[in-house]
Structures are given as C-alpha cells and as structure tokens.
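Thanks for making the time this morning. I would like to walk through one structure with you, beginning with its open space and then turning to the ligand.

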Amino acid sequence: MGENNNELDILKESAKEEISNAQNEQDLNNLKANYLGKKSRLSEIMASMRELSIEKKKELGQKANEFRTKIEEFVENKRQELLEKLIDAKLKNDAIDVTMPAKKFKTGKLNPLTQTIRELEDVCTGMGFMVEEGPEVEEDLYNFELLNLPKGHPAREMQDSFYIDENTLLRTHTSPVQARTLLKSKGQPIKIICPGKVYRRDNDDATHSHQFMQCEGLVVGENVTMADLKGTLVKICSHVFGSDLRVRFRPSFFPFTEPSVEVDVECFKCHGDGCNLCKGSGWIELLGGGMVHPNVLKMCGYDSEKYQGFAFGIGIERLTMMKYGIDDVRNFYIDDERFINQF
Ligand code: DAH
C-alpha cells in the first residue's frame, strides 16, 4: 500500500514535469488522459483497492483524490498559460505600430493646360475680368453669323468643322462667347475672358489636334483702344512667362475685328537676341486679336459710335508648349503621369 502512495507521489512529480513541458492543447489532453484516464496507472491502483482494508482504502482513496486534483490543477494552469501565450503572440502579430510612417497619399497634378488656364484667370481677374462660359455644342448663329462670318464667307473654310445639323456644330473657337456676352449684356460695358474647348476637323499631328483649347478675351466700353489691348497682353504674357516681356502687333485679318492683329511676344528665353525657341527671330507668335468689328457690335445691339472694344483669342496648347518647351501636343491628352508630373 505504501508503495502505491509512493508511486503516486513519483507519478505526480513526473506529471508536473511533463505537463509543464506541454506545447499545446493536444499535448495537454493526452497527458491528462495518460495520468487520469481509464488506462492510467491511477486507474489500476484504484482497481487494486478492492483488496485493501477499509482503513488503507480510505488512506489510498484520499491520496488518489489529491493526486487527481493536483493533476487537474497542473493541466488547467498550463492550459491557461498556453492560452495567454497564444493571445500574446496574436496581439504581437496583429498589433498596429503607431510609430510607423503613414502611407503616403498620392496626389495627382493638374494638367499643364489647366495650370495655364488658371494662370490666365488669375492675372485677368486681377485686372477686373469676369470668367464666362459658353456651350461647346454651338449654333451657327453665334459661332459664325454674329461674328461677321455670314454663310458662304471664305473664312469659314479655315475652320472646317464638326456639324451636328445644318445650324449646329461643335464650336470652332471660343469667339461665340463674345456674341453671347454682348447680347446678354444689353449695351453695358464688358470685360470677360472665356477659356474652353474648341473643335476643328484637323488631321492630328504633333502640333494639331481636332480638339484643343482657347481663351477668349473681350473688353467693350467707351474709349477702349488698341493701346489697352497691348497693355493687357503685356500684362498677361509677363504673368504667364514670369518676366516682363514686350509685345508686338503685326497686321492681320479676322472677320470679327477691324483692325486685326497677329500678336507676337518677346521670346522669354533669349529676350529678343534670337535662340532655338524663337527660331532666331527673338519673337514668338502667340495669338490673334484686334478691335471688335463695328458690325459685330451693331448685330449684338451695341451703339458702335459710342462703344469700342478689343478682343483676343489665345491658344492654350500653344502657349503651354512654348512655356515649357513641349514639342508634341498629344502629350497633353494621353494622361501619362510621367508627363504631367513634370509641370
Ligand atoms: N477666333 C480666332 C481663331 O480661332 C482667334 C481670334 C482672333 C479671337 C482674333 C479673337 C480675335 O477674339 O479678336 O482663330
């Protein structure tokens, strides 16, 4: 009997050791079954109790109970320990490290054409211009007729166009906004710019696109002169190119202005000395303009004796290509980050 008692003590020690070494739940369950289950040594010892005296039975029974309780305690403690380890590991792996640098948000850049338009709006609104808009699907009336380009006028051909029906087309320039604003303003002074898309049936190549952008300018009032046009353009060009630049007029023809001018700006790269950008001339051809034709003023309800106006039309692509030395207009439209991020 004393043997059994002793054996349980020894078993308890080895159980303690083995249980403390268990690696997982499975190990624990196996160990528990080995020490307390039907086929355990404990079970055998209990079975042999039948042959013992009542006293010894009692003594051994007590010992066996203690043994069982102890083993269960070891197992439960170990189970708890394993569980805590598991939770610790999980927390460690899932933890959010608040000291990690945040993921950078990739912010896009504005297309250089948009940047140019914003620069124009910026300098012009600073001089008191309002920014107007007009429809891209335009009536022949505004696109041509009211701009002194009656049906059959040869100048219409230069803007060979996308027609929707006989009297509707994709606007070929932003000039129809002149007519719309004149009609809307009912004889009052005007000072507007209108940036926007225009369309022409062109063969697309490095310098032509069937869709491009312009910015129209129109100033109407009393005593408005060519000098005002020049001063305004000097201001605009100096702002866009970032240094004080001269502007020169060459005679030209547009049906909606009289006189009409082609406007050159001093080359911002060589300031007139001649370089590869201005092809040696010292000047860059930039835009068209002139004094609003009295016919346009009259057709739109203005007293052309009392009021004069100047107008201009700038090609946004050309201006931007000049400014940044871009050689292919198609780059603006292909949405390539590598291109856009340079500006
Ligand atoms: N509308 C002209 C074009 O697209 C550009 C232009 C020239 C606009 C002279 C004007 C102007 O307002 O006065 O070719």
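**Pocket, ligand and cavity**

Let me begin with the lining of the largest pocket, whose residues divide into 23 nonpolar, 18 polar and 9 charged. Please keep in mind throughout that this is a predicted model, and that what I quote has been computed from it.

That lining is made up of 50 residues, and those that lie nearest the centre of the pocket are Phe212, Glu285, Leu286, Gly315 and Arg318. The space in the largest pocket comes to about 1400 Å³. If we ask which elements supply at least two residues each to the lining, the list runs through the strands β6, β7 (247-254), β8 (257-266), β9 and β10, and it also takes in the helix α10 (316-324). Within that list, β9 gives the most to the lining, with 8 residues.

Now to the ligand, and where does the ligand sit? The ligand is found in the largest pocket, the one I have just described. Three elements give two or more residues to the shell around the ligand, namely β6 (211-221), β9 (283-292) and β10 (308-315). There are 16 residues around the ligand, and of these His173, Gln178, Arg200, Gln214 and Glu216 come nearest. Sorted by class, the shell around the ligand contains 10 polar residues, together with 4 nonpolar and 2 charged ones.

For those of you who set up docking runs, the individual distances may be of interest. In the side chain of Arg200, an N or O atom is 2.7 Å from an oxygen atom of the ligand. For Gln178, a polar side-chain atom lies 2.9 Å from an oxygen atom of the ligand, and for Gln214 the distance from a side-chain N or O atom to an oxygen atom of the ligand is 2.9 Å. As for exposure, the ligand taken alone exposes 360 Å², and the protein buries 91% of that.

Let me move from the pocket to enclosed space. Rolling a probe the size of a water molecule over the atoms shows where empty space is left. How many cavities of 30 Å³ or more does the structure hold? It holds 1 such cavity, and about 40 Å³ of space lies in the largest cavity. The residues that line the largest cavity are Leu8, Asp9, Lys12, Lys63, Glu66 and Phe67, with α1 (2-20) and α4 (54-94) each supplying at least two residues of that lining. By class, the lining of the largest cavity has 4 charged residues, 2 nonpolar ones and no polar ones.

Finally, there are two points about the backbone. The peptide bond that runs from Glu258 to Pro259 is cis, with omega near -5°, and Pro259 has its place in strand β8, which is one of the elements that supply at least two residues to the lining of the largest pocket. The other point concerns Lys186, a residue other than glycine whose phi is nevertheless positive, near 50°; Lys186 is found in the loop between α7 (176-185) and β5 (190-199).

How values were computed: Residues numbered from 1 in each chain as written. Predicted model: local features only at pLDDT ≥ 70, side-chain atom pairs only at ≥ 80, totals over all residues. Heavy atoms only, no water. Near = heavy atom within 4 Å. Polar contact = N/O pair within 3.5 Å; in protein donor to acceptor, adjacent residues only side chain to side chain. Areas by Shrake-Rupley, 256 points an atom, 1.4 Å probe, with all protein chains shown as cover. 1 Å grid on protein atoms, 1.4 Å probe; cavity = no way out; pocket = protein on both sides within 12 Å on 5 of 7 lines; lining within 4 Å. Sits in = over half its atoms within 2 Å of the grid points. Helix = DSSP H or I, 4+ residues; strand = E, 2+ residues; numbered from the N terminus. Nonpolar A, V, L, I, M, F, W, Y, C, P; charged D, E, K, R; others polar. Points joined across faces, edges and corners; volume = space filled by probe spheres on them.
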